[in-house]
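Okay, thanks for coming, everyone. Let me put the model up and walk you through the ligand site and a few backbone oddities.

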Amino acid sequence: MKQLIINGNKQLSGEIKISGAKNGVVALIPAAILSDEGVTLYNVPNISDTKSLLDILDLLNCNVEYKDEVLKIDTKQLENKVIKEELAKRLRASYYFMGALLAKFNYVEIYFPGGCNIGSRPIDYHINGFKKLGAEVEIDGNKYVFKTKKLKGADIYLDFASVGATINIMLAAVKAEGKTTISNAAKEPEIVNVASFLNSMGAKITGAGTSEIKIEGVKHLKKGVIDVIPDRIEAGTYVIAGALMGKDLKISGVIEEHIEALLSKLKEMGVEIKKEKKSLIINKPKKYKPINIKTLVFPGFPTDLGQPVSVLLTQADGVSIFEETIYENRMGHIKYLQKMGANIRVNDRTAIFMGPTPLKGEEVVATDLRAGACMVLAGLTAKGTTIINEIDHILRGYENIVEKLQNAGADIRIKE
Ligand code: EPZ
């Protein structure tokens, strides 16, 4: 079993360059199969979630070339196949093949998706959306079967602005006959990225990035091209690393508006952030003021940065209150922060941090992807050696995390 070993409390400086967004590329790759010709994606991160989706493309008989962050997908020989359990359960985003294959073939067989264990994570909004577009849905053991004679545009209201449901319905509706409106749509930047990609193929989508998305169905989608947006959660994670241990640490390739909520909270804590074109320079302050954080849908404070930012809250001078509103079970990191010396009380989805508490190196576990990022940040801050187990979760979403941190001065390595 691989482990991450961190000898902590080392200053971080130099530059960390942000990769393409995991939560963008995991939707863009399934979206690619909608093209009848083929697509090119730039800035594709080399993470294990990308590899898992390429394995699904391989199953579907796509020809793929992936080199130097450029991914070319030839869809001309695409075949409809059952998405096997072993492939579907490797990641959450396998569910985007539901919408994409339904649009392409009017028929999909796919096993239940996987993903981080952070709550029950139903997909009822996706399924209700497909039904409104005219699909029938059956559950056969651990497998979904979707079928339709023809998808037809519909008005779909989401009870909650779900990222996954918004994208999946967009994928299904793009070739449906007539007009589809998604109301209370999610507004995350990854949705805009997917809509731009589909529009580059000839789709007619307007309103992505607002709460009402309109889609006018088209018959065919041609060649497509897209730049994957920078990963705002990776950027946020390294900005937090800078706030914890940075001396002029430069985080480059960032779209600042995508992490505005985090930056504004860090400023409230007293962290010095200098802005340059597409880069941020972060310095650790002498002291951190305590703050309150509540996770919300975009442009609110992202749930995916809740666990990473917890390390900062352990260092604030006083009581900070953190509330998770998106998932019911995203507190897997807390017991390991406590083991490292943090003083935290948890009540359901709220965690109360009493700081500052020095952290000491310990053996801990990455219980999920962002809990793993939290453990890395805690290890970088702690005195002594931190050993992190189950790091495959981390490698699913952070490209070259070890090299990027080593280059910034961290003492971190993988033990095979
Ligand atoms: C995406 O998950 C991301 N995953 C998550 O990132 C991220 O935390 C989340 O969006 C919120 O920003 C991918 O992009 C692959 P949702 P998704 O649908 O689409 C409930 C990470 O760490 N819900 O917006 O699955 C759901 O249970 C990961 O990178 C329903 O009840 O999130 C949750 O409580 C983890 N029914 C809430 O809505 C549905 O049909 C938000 O989920 C769909 C969602």
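So, how do the residues of the shell around the ligand divide into nonpolar, polar and charged? The split is 11 nonpolar, 5 polar and 7 charged. For that count, Ala, Val, Leu, Ile, Met, Phe, Trp, Tyr, Cys and Pro are nonpolar, Asp, Glu, Lys and Arg are charged, and the others, Gly among them, are polar.

Quick housekeeping: this is a predicted model, so local features need pLDDT of at least 70, side-chain atom pairs count only at pLDDT 80 or more, and totals for chains, interfaces and linings use all residues. Residues are numbered from 1 along each chain as its sequence is written, and side-chain values use heavy atoms, with hydrogens and water left out.

Back to the ligand. It's surrounded by 23 residues, each with a heavy atom within 4 Å of it. The closest are Asp124, Ser162, Asp304, Ile326 and Arg370.

Now the polar contacts, meaning pairs of N or O atoms within 3.5 Å. Each of these goes to a ligand oxygen: a polar side-chain atom of Lys22 at 3.2 Å, a side-chain N or O of Tyr95 at 3.0 Å, and a polar side-chain atom of Tyr327 at 3.1 Å. On its own the ligand has 820 Å² of accessible area, and the protein covers 91% of that (Shrake-Rupley method, 1.4 Å probe).

Where does the ligand lie? Domain 1 (3–19 + 230–415) and domain 2 (22–227) both give residues to its shell, so the ligand lies between them. Those bounds come from an automatic or database domain assignment.

Last bit, the backbone. Most residues other than glycine have a negative phi, and most peptide bonds are trans. Here, the bond from Phe298 to Pro299 is cis, with omega near 10°. The Gly355 to Pro356 bond is also cis, with omega near 0°. And Glu69, which isn't glycine, has a positive phi, near 70°.

That's my tour; over to you.

Terms used: Polar contact = N/O pair within 3.5 Å; in protein donor to acceptor, adjacent residues only side chain to side chain.
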